[in-house]
Amino acid sequence: MPRAGRQFEEGRTYHVYNRVGGGLLPFANEELAKTFVQLLRSVVSRDSASVFGWCLLGNHYHLILRQGPVPISRSMKTLQQGVTNARNVKDRVYGPLWQGRFKAKEVNDEGYLMQLVAYAHLNPVKAGLVERADDYRWSGHRDVIGRRGTPIVAVEDVLLLYGQRRGPALRRYRATLATVDESDWGGEGPGSLPWWRLGRPTEEELLRRKDDPFIDEQGRSTARWRPRYSASEWLEIACEHLGVDQARLADRNRNQEVVRARELIGLVGVERFGVKVNELARELGKSRDGVSRWIQRGTDRRAADADFSSDAESLDFAASEEP
């Protein structure tokens, strides 16, 4: 039986990690480590996620991600598959790289989040790879302290956890590093960490999230609710919104308006509403590879074309509002 899908919410922050199988240390290879970092940068930009911290070691990674409109399950699938493909090509092997699908734990307490950022950035110190976090290349620590020209970490958001002004915030960040370094759990695996031992928040705890922009005073989520659509339902909604006939999507028409509509419908439907690529292809009488190419072109166009990006958001909003 297929595994049950996991539910992740826009605006929530997650500690995400995974480990390589077979006792391998593939990221000891600099080129593969670079590939991981390049893919991570690309994925978080594509999916409008915010990174609060990250660290890559020889056989595992830690990410602290705040989800944007795209589920982190899609982001992590792209990242892990991309790294696996690069490793297989490099080593001329086939098969899986990771022990399984990634693990994720929501962190909704600001104090724990501050400790988590420090924990991730201290991993290479605890592993004995370097003496100081400043000396390690493959982590977000250098992003936070301003030693990377183009950071992956959302630096301003991270520093706001520690203070309103940059100088005091950096000092408090370093103080948190020292505190976690001295803790009895700073060198432990994720299962032993304080936030991983927590259960689901109680109703009372949800009510106390007064300052959370994604939770109202009654503890209800204010993040945009996106229903799951079948391929046929999605095509009906999207075609009506875009003013395009479904039959034109299915034929060989290369009119630019139709090509654009295909890319919007494929991208937004699969990325945000759980529409399956193979079901969408079947509904339109197209190949799965063909629809996948629409989505990839739509992803590239969104990054380069502000009007296309705006139209994608408009379609997302309209479909979210459907009863």
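**Burial, pairing and packing in a predicted model**

Reader: Why is Cys239 called buried?

Author: In this predicted model, Cys239 has a relative accessible area of 8%. Buried means under 20%, and Cys239 therefore counts as buried.

Reader: What makes Cys55 buried or exposed?

Author: The relative accessibility of Cys55 is 0%. This value is under the 20% limit, so Cys55 is classed as buried.

Reader: How many disulfides does the count come to?

Author: A disulfide requires a pair of cysteine sulfur atoms within 2.5 Å. By this rule the count is zero.

Reader: Why does Thr176 count as buried, and where is its place?

Author: Thr176 lies in helix α6, which covers residues 166-182. Its relative accessibility is 11%, and because the limit for burial is under 20%, Thr176 is buried.

Reader: With which residues is Thr176 in contact, leaving aside its neighbours within four places in sequence?

Author: These residues are Met114, Gln115, Ala118 and Tyr162. Contact here requires heavy atoms within 4.5 Å.

Reader: What is the order of the strands in the open sheet?

Author: The four strands follow the order β2-β3-β1-β4, and their pairing is antiparallel. Strands β2 (50-56) and β4 (103-106) are at the edges because each has a single partner strand, so one side of each lacks a neighbour in the sheet. On average, neighbouring strands of this sheet are turned by 15° against each other, direction ignored.

Reader: How do you know that β1 is joined to β4?

Author: Two strands pair if there are at least two bridges between them. Strand β1 (residues 13-19) has four bridges to β4, and the two run antiparallel; the requirement is therefore met. In these bridges, Tyr17 has Lys103 of β4 as its partner, and Val16 has Ala104 of β4.

Reader: Which helices pack on the sheet?

Author: Helix α1 (residues 30-46) packs on the sheet and touches β2 and β3 (60-66), with its direction making about 170° with that of β2. Helix α3 (residues 110-126) also packs on the sheet, touching β1, β2 and β3, and its direction makes about 155° with that of β3.

Reader: How do you know that β1 and β3 pair?

Author: Seven bridges link β1 and β3 in the antiparallel sense. Since at least two are required, the two strands pair. Within this pairing, Val16 stands opposite Leu63 in β3.

Reader: Why is β1 described as largely enclosed by the rest of the structure?

Author: Of the seven residues of β1, six are buried, so the strand is largely enclosed by the rest of the structure.

Methods. Residues numbered from 1 in each chain as written. Predicted model: local features only at pLDDT ≥ 70, side-chain atom pairs only at ≥ 80, totals over all residues. Heavy atoms only, no water. Buried < 20%, exposed > 50% of the residue type's maximum accessible area, 1.4 Å probe, protein only. Axes fitted to C-alpha atoms, helices over the stretch in contact; angles between N-to-C directions.
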